[in-house]
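Trainee: I have a model open and want to go through its contacts. Can we take them one question at a time?

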Number of protein chains: 2
Amino acid sequence: MMEKALSQSLPSLNALRAFNEVARTLSVTRAAETLNVTHGAVSRQIRQLEDQLGVSLFRREGRGLVLTAEAEYLRASTSQAFEQLTHACGHLRRRAAGAPVVLGCSGSFLARWFIPRLHRLKARYPDLNLHLTADEGEKWPLGADVDAVMRFAEPPWPADARVIELAPERIGPVMVPELIEVAAPDPSELLGLPLLHTESREQAWPRWFSAEGLDVTQVRKDQSFEHLNYMLEAALVGLGVAIAPAYLVEEDLRAGRLVAPWGFIDTSARLGLWLPPGEPGREIERLIQWLRLELEAQ
Amino acid sequence: MMEKALSQSLPSLNALRAFNEVARTLSVTRAAETLNVTHGAVSRQIRQLEDQLGVSLFRREGRGLVLTAEAEYLRASTSQAFEQLTHACGHLRRRAAGAPVVLGCSGSFLARWFIPRLHRLKARYPDLNLHLTADEGEKWPLGADVDAVMRFAEPPWPADARVIELAPERIGPVMVPELIEVAAPDPSELLGLPLLHTESREQAWPRWFSAEGLDVTQVRKDQSFEHLNYMLEAALVGLGVAIAPAYLVEEDLRAGRLVAPWGFIDTSARLGLWLPPGEPGREIERLIQWLRLELEAQ
DNA sequence: CCATCATGTCAGTTTTTCTCACATATTAGC
DNA sequence: GCTAATATGTGAGAAAAACTGACATGATGG
C-alpha cells in the first residue's frame, strides 16, 4: 500500500486516456472498442479517475452519458494533450520508418494549386519527402497517420488544433472568355448565365450575390457538382459560371482559359494549415515557410 | 501476446512520462526519484519507448545523457502535454476539495498592487475563492499547486506556457516630494540624489539613464534591496530615489506620498498572467477579465 | 411488460511494471 | 594508474495494475 502525496497530482494516465475517449464518444462501450478493451475495464478506469480527482465526471441520463461541468473542463485539456502526444509519437515513428511527411488537402486544392507548384517546392527543398493525400473530410482531430492538413475554414479555430493562417479565401465567378463579350460587364449580366455550384460550398453564390448587391433569391441552381474540381472542369468547357476561390483558378486565369470579370471578394474563411498542438517538426516548418512564400508571391 | 496495430500509434503513456522526466533532468536517477520508482524501472521504460517508436532517444555521454534530435522533438510535445494534464487534474482536485484558486505573484506586486484592489475584485465576484501567494521564483513550469502566476517578463514566452499579456511594464524614478523642489526638474538633477536599487532588477536604472540620454556610467549604487517592496519603503521614508514599475506606485502617487517628476518609460517587459497550456477554468477567466478591466481603467 | 441496449460490479487471471541485486562504464581525486 | 564515487543497464522474481467474462442493474421503446 502506498500513501499518495498531495503533490503527486497526476492520476493514472491510462484512466485519463479512457476518460478522454468516453468524453469524446459519450459512450463507455464505444470508447472501450476504440481502446481495444472491454467496457468493464473502461468503467473501472472512469471510476478510479473520479475517486482520484474527487469529482463526479459523468451522469447517466437515460441510455446515454452527459459530462459534468468538471468533465467538460477536463476534456478540454485531455483532448489537446493526447492529440499532441499521439501526433508527436506518430510523426516520430513514421519518420523513423523512413516514411514521408503526410499532408492532406482537398482533391480540388491538390489538383489545381498544389501539384502545379510542386516542382518549385522540390526545387527549394529537394530532400523534403512529402506525401500528398486527398482528404475531403472535415473531420478533426486528424487521423494519427496524417501530419497536417490544409483547408479553407472560418475562425474560430478549435482549441485542440494549431491553425496556421496562410491566406484569406477570396471567391468570385469565373468562366470561359467566350461566355461574356463585354470587357467590364455589370454583375446583373450573371442572371442570364447558367450558374455552377458545389455541394461543399452552398453559401458561395448567395454570399457573392449579396456582396454585389444582387437579389439573393435570384440565385438559380442550374448545375451542381460534388467537388470544386468538377465544377471547374465544367466551367472550363464552357458549361456555365463557376464560383471559385481565387487560389484554385490562378493558373487558368493566367493562361486565359478562364476570366473573372468581377474579380474576387474576401470571405470570412481562411486558407489554413491545420497542425496538431505542439511544436511542428523541421519538415513542417519548411513546408510552412514555402507555403507562405508561395501564397504571398502572387 | 497481442499484435500491435499500426494505427495504434500511442506508446505506453507511463513510458512517455518517464521519458519526459529523464529529458527534463537529463538523468535517469533523478527522474526516478521524481517518479518515486527505482532507476531500473525508468531505464526499462526508456528502452521500451525507444523500441516502440523505433528511434534512439538518448546517447550516453560520459556520466550524463544527451538528447538525440528525435528526443528533442518529442520532449517539446511531452512537456507541454503533461504540463497541461498535471494542471488540469490539479486544478480539478483542488476545486473539488473546496480549495481556492491559487494565484502566485511577487511579494511587491502582491502588497502594492493586488491587495489594495482586492476589495474591488471581491465586490465584482463575491464568490470567487482566490488565494494569493507570494512567489518570487522565476521558475517554470509552475508547481502543480499553483493555478497561475503574474509576473513581469519579456517575450518571447516559453512554448509550454500560455501567457496572457496584460499590460506593458513602465518604469520611472519615484521619491518623496520633499526630495525635489522644482516642479519640472531636469533629469540630470538625479545625479545629486541617492539612488535605490533592487537586486532583481539591476538593469532598471541603466535602462532609464540611457533612455533619458544620461551617461550610464554615472549610475551610482547607493543602496540596494532584495525586493522592490523594500526599496519602495525606503523611498517612502525619503532615503532616496527608487526606480519602480508604474503599477506598483499608483496609490502612492495618487496620495501624494511619492512623486514621479519624469514620468515613466516603456520597457520591453510585459505584465503577464502565466497559465498552464489549455483552456483556463471559469474562475481564471473571471480573474483575467477583472485584471484587464483594472489595468485598463487607470 | 418484455426485448434491447447500455453501464456498473466482482472475482479471478493476465499483463505490466517495479524492485533488488549485480554488472558495466565513466570520472575525479589521490 | 588505481580506487572510490557516480551513473546507467539488465535480469529474475515480486508486486501492482489492468483486463476479462459473467452477471446485475437501470432505461427505453415498441
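Trainee: Of the atoms of DNA strand C within 4 Å of the protein, what percentage belongs to sugar or phosphate?

Mentor: Keep in mind that this is a predicted model. The atoms of DNA strand C within 4 Å of the protein are split into two groups, bases on one side and sugar or phosphate on the other. The sugar or phosphate share is 68%.

Trainee: Which residues come nearest to DNA strand C?

Mentor: There are 22 residues around DNA strand C. Both protein chains appear among the nearest. They are Val28(A), Thr29(A), Arg47(A), Thr38(B) and Arg63(B).

Trainee: How far is a polar side-chain atom of Arg47(A) from a phosphate oxygen of DNA strand C?

Mentor: Start with other side chains that reach phosphate oxygens of DNA strand C. Ser43(A) has a side-chain N or O atom 3.1 Å from one, and Ser12(B) has a polar side-chain atom 3.3 Å from one. Arg47(A) is listed with the nearest residues. For its polar side-chain atom the distance is 2.9 Å.

Trainee: Which elements each supply at least two residues of the surface near DNA strand C?

Mentor: By class, that surface has four nonpolar, 12 polar and six charged residues. Chain A and chain B both supply elements. The elements are α2 (28-35) and α3 of chain A, together with α3 of chain B.

Trainee: Now DNA strand D. Which residues come nearest there?

Mentor: Here 23 residues lie around the strand. Of the strand atoms within 4 Å of the protein, 67% belong to sugar or phosphate. The nearest residues are Thr38(A), Arg63(A), Val28(B), Thr29(B) and Arg47(B).

Trainee: How far is a backbone N or O atom of Thr38(A) from a phosphate oxygen of DNA strand D?

Mentor: Backbone and side chain both come into play at this strand. A polar backbone atom of Val28(B) is 2.7 Å from a phosphate oxygen, and a polar side-chain atom of Gln45(A) is 3.2 Å from one. For the backbone N or O atom of Thr38(A), the distance is 2.5 Å.

Trainee: Which elements give two or more residues to the surface near DNA strand D?

Mentor: That surface divides into four nonpolar, 13 polar and six charged residues. Both chains give elements to it. They are α3 (39-53) of chain A, with α2 (28-35) and α3 (39-53) of chain B.

Trainee: Turn to the protein interface. What area is buried between chain B and chain A?

Mentor: The contact takes 40 residues from chain B and 39 residues from chain A. Carbon and sulfur atoms give 65% of the buried area. The total is about 3700 Å².

Trainee: Which residues of chain B lose the most area to chain A?

Mentor: Together they make up 20% of what that side buries. There are three names to note: Tyr73(B), Leu92(B) and Arg93(B).

Trainee: How many residue pairs are in polar contact between chain B and chain A?

Mentor: Take salt bridges separately: the rule finds zero across this interface. For polar contact, both residues must be at pLDDT 80 or more. The count is six residue pairs.

Trainee: Which element gives the largest share of the side of chain B that touches chain A?

Mentor: The elements of chain B that give two or more residues are α1 (13-25), α3 and α4 (69-96). The largest share is 20 residues. That share comes from α4(B).

Trainee: Where in chain A does pLDDT stay under 50?

Mentor: Chain A averages a pLDDT of 88, and 95% of the residues score at least 70. The stretch under 50 has two contacts beyond four places in sequence. The stretch is residues 1-7.

Notes: Residues numbered from 1 in each chain as written. Chains lettered and ligands numbered in written order. Heavy atoms only, no water. Near = heavy atom within 4 Å. Polar contact = N/O pair within 3.5 Å; in protein donor to acceptor, adjacent residues only side chain to side chain. Helix = DSSP H or I, 4+ residues; strand = E, 2+ residues; numbered from the N terminus. Nonpolar A, V, L, I, M, F, W, Y, C, P; charged D, E, K, R; others polar. Contact = heavy atoms within 4.5 Å. Buried area = accessible area lost by both parts, 1.4 Å probe. Salt bridge = Lys/Arg side-chain N within 4 Å of Asp/Glu carboxyl O. pLDDT = per-residue confidence, 0-100.
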